Amino acid sequence: IMNVEFFEEKTFDREASENGSVWTIHKDAHILKIPDSDGNWCTPYWSTRERAVRFITKVKRYSDFLPLEIRLEVFLNVWLPDMKKGNRTLGINWSGVTTVGLEMTPDEVLNKAESLRKPRST
């Protein structure tokens with residue numbers, strides 16, 4: 001039986017690599033940050049614009065947020081190192097109304113950066 005979190009992580013990796021970008025959401029130029037299970041700040045990221053929009057649509061308290069595309073190279077080289085310095089975590093492809101799901105550290109994502117950077121299939 002495949003673990004749901006494993007499935008979400010693999011889906012995130014595949015889609016982000018294929019699209020060359022990830023998505024988060026913002027309001028008034030402020031990126032969403034939610035306290036994670038350890039009390040650190042967690043920012044959700046999605047592997048497609050559609051997933052981010054679906055989250056905004058489902059979770060009413062974020063209905064006034066907008067999707068923000070981040071090119072994959074910028075995400076890996078700028079955003080993740082900044083998150084690591086701030087002891088923040090990432091929410092990966094959250095889909096439910098509970099605003100919880102798979103959480104990863106910047107190091108966990110950076111450790112697999114090569115697979116994320118793989119050339120997109122044509």
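In this predicted model, helix H2 spans residues 49–58 and has Arg51, Ala52, Phe55 and Ile56 as buried residues. Viewed down the axis of H2, these buried residues fall within an arc of 140°, so they line one face of the helix. The face of H2 that is turned away from the buried side carries Glu50 and Thr57, both of them exposed.

Two of the buried residues of H2, Arg51 and Phe55, also belong to the lining of the largest cavity. The count of cavities of 30 Å³ or more comes to 1, and the largest cavity holds about 40 Å³ of space. Its lining is made up of Trp46, Arg51, Arg54, Phe55, Lys58, Asn93, Trp94 and Ser95, a set that divides into 3 nonpolar, 2 polar and 3 charged residues.

Phe55 leads on to the aromatic residues. A pair of aromatic rings is described by the distance of the centres and the angle of the planes. A search of the whole structure finds 5 aromatic pairs. Among them is the pair of Trp46 and Phe55, whose ring centres are 4.9 Å apart and whose planes stand at 45°, so the pair is tilted. Tyr62 and Phe65 form a further aromatic pair, this one edge-to-face, with 5.3 Å from centre to centre and 90° between the planes. Ring pairs link Trp46, Phe55, Tyr62 and Phe65 into a cluster. Trp46 counts as buried at 0% relative accessibility, and Phe55 is buried with a relative accessible area of 1%; Tyr62 and Phe65 are likewise buried. Within this cluster, Trp46 and Phe55 are also lining residues of the largest cavity.

The strands give a second part of the picture. An open sheet of 4 strands runs in the order S3-S4-S6-S7, and its pairing is mixed. Strand S3 (34–35) and strand S7 (102–104) stand at the edges, each with a single partner strand, so one side of each is left without a neighbour in the sheet. Strand S4, residues 41–45, pairs with strand S6, residues 89–92, in the parallel sense over 4 bridges, and Pro44 stands opposite Gly91 in S6.

The loops on either side of S6 each contain a residue other than glycine with a positive phi, namely Asn87 and Asn93. The table sets out the two residues.

| Residue | Phi | Loop | Relative accessibility |
|---|---|---|---|
| Asn87 | about 55° | between helix H3 (72–85) and S6 | 49%, partly exposed |
| Asn93 | near 50° | between S6 and S7 | 2%, buried |

Is Asn93 buried or exposed? With a relative accessibility of 2%, Asn93 counts as buried, because the cut-off for that class is under 20% relative accessible area. Asn87, by contrast, is partly exposed at 49%, a value that falls below the cut-off for exposed residues, which is over 50%. Asn93 is, in addition, one of the residues that line the largest cavity, where the lining also includes Trp94 and Ser95. The cavity lining therefore brings together Asn93, from the loop between S6 and S7, and residues of helix H2 such as Arg51 and Phe55, all of which have an atom within 4 Å of a cavity point.

Definitions and conventions
Residues numbered from 1 in each chain as written. Predicted model: local features only at pLDDT ≥ 70, side-chain atom pairs only at ≥ 80, totals over all residues. Heavy atoms only, no water. Buried < 20%, exposed > 50% of the residue type's maximum accessible area, 1.4 Å probe, protein only. Arc of directions from axis to C-beta. 1 Å grid on protein atoms, 1.4 Å probe; cavity = no way out; pocket = protein on both sides within 12 Å on 5 of 7 lines; lining within 4 Å. Points joined across faces, edges and corners; volume = space filled by probe spheres on them. Nonpolar A, V, L, I, M, F, W, Y, C, P; charged D, E, K, R; others polar. Pairing = 2+ DSSP bridges. Phe/Tyr/Trp six-rings, centres within 6.5 Å; stacked < 30°, edge-to-face > 60°.
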